[in-house]
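The following paragraphs lead through a single protein chain, from its overall architecture to individual residues. The reader is invited to keep the sequence and the model in view throughout.

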Amino acid sequence: MTDPTQKIWISWWIALSSLICIWDALFCLLRPYSLPGNSLSMFWGPYKHYVKFDLSYGMEHTTGFINAQSLGNLMESTLNFGYLYLVHKVGTKESRRTASLVAVISTIMTGYKTVIFVLQEYYSGFSSIRHNPFSEIFMKWIFPQSLWIFVPFYLTSLFGNHLLSLASGLPVEKAL
């Protein structure tokens, strides 16, 4: 099996998703200052529309879950930047092995956190988004959530299989 740390698209995904997660987390954690019309809103222009779409991002419908999720975003982003550092700055064979372990942890965090986010909305009767037409829910919620679940779990399997093959000394197909 090829070493997944050598695939550039993975590094791009990890970097871009981390930046998005940090931006989102800061919006949530800095509320009400980041909300439309307040002192920091200029940094989160698109959120002036999103807070109307997903009411959990505003202040009147929050349970605290969004802020808890935001802390998870910051933790996973920290691990992701550790991964990028180990792969692209240190770059040794040993650091890439460690990076694979870090990637397994952070990608599990990303996928699981998104599943919990979706389940929280499901069990609340879609209370934050049900006021929208389905086409909007699909484009702004279902499709993005799907990406944040399937890509991280796919990456978890790539890195996990790579670590299994390293641990067993066998090709990945025989290690399973």
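Two residues are said to be in contact, or to touch, when heavy atoms lie within 4.5 Å. With that meaning in hand, the model, which is a predicted one, can be read from the whole chain down to single side chains.

The protein chain contains six helices and zero strands, so that the pattern along the sequence is α-α-α-α-α-α. The C-alpha trace spans about 55 × 30 × 25 Å along its principal axes. Of the 176 residues, 40% are buried. Among contacts with a separation of 6 or more, 71% join residues 24 or more positions apart. The exposed surface of the protein chain amounts to about 9700 Å², and carbon and sulfur atoms supply 70% of that area. As for charge, the chain carries 12 positive and 9 negative charges, and the mean positions of these two sets are 6 Å apart.

Helix α1 covers residues 8–29. Its 22 residues should span 32 Å at 1.5 Å a residue, and the end C-alpha atoms are 31 Å apart, which agrees. The buried residues in α1 include I10, S11, I14, S17 and S18; further along the helix, C21, D24, A25, F27 and C28 are buried as well. The cover over the buried residues of α1 includes α2, α3, α4 and α5.

W44 belongs to the loop between α1 and α2, the latter being residues 47–53. Is W44 buried or exposed? With a relative accessible area of 6%, W44 counts as buried, because the limit for that class is under 20%. Setting aside residues up to four places away in sequence, W44 touches W23, L26, F27, L30 and S34. One of these partners, L26, is 18 residues from W44 in sequence, and the C-alpha atoms of the two are 9.5 Å apart in space. F27, another partner of W44, is itself among the buried residues of α1.

Helix α3 occupies residues 65–90. This helix has 26 residues and reaches 36 Å from its first C-alpha to its last, close to the 38 Å expected at 1.5 Å a residue. Its buried residues include the polar or charged side chains of Q69, N73, E76 and N80, together with I66, Y83, L84, L86 and V87. The elements covering the buried residues of α3 include α1, α4 and α5. After α3 comes G91, with a positive phi near 70°.

Helix α4 then runs over residues 93–123. At 1.5 Å a residue, its 31 residues should span 45 Å, and its end C-alpha atoms are 45 Å apart, which agrees. Just after α4, G125 takes a positive phi of about 70°.

S95 lies in α4. What is the relative accessible area of S95? The value is 6%, and S95 is therefore buried, given that a residue under 20% falls in that class. The side chain of S95 reaches the backbone oxygen of L86 at 2.9 Å. Leaving aside neighbours within four places in sequence, S95 is in contact with L86 and V90. L86 is also one of the buried residues of α3, so the contact between S95 and L86 links α4 to a buried position of α3.

Notes:
Residues numbered from 1 in each chain as written. Predicted model: local features only at pLDDT ≥ 70, side-chain atom pairs only at ≥ 80, totals over all residues. Heavy atoms only, no water. Helix = DSSP H or I, 4+ residues; strand = E, 2+ residues; numbered from the N terminus. Buried < 20%, exposed > 50% of the residue type's maximum accessible area, 1.4 Å probe, protein only. Areas by Shrake-Rupley, 256 points an atom, 1.4 Å probe, with all protein chains shown as cover. Lys, Arg positive; Asp, Glu negative; His and termini not counted. Charge placed at Lys NZ, Arg CZ, Asp CG, Glu CD. Polar contact = N/O pair within 3.5 Å; in protein donor to acceptor, adjacent residues only side chain to side chain. Expected span 1.5 Å × (residues − 1).
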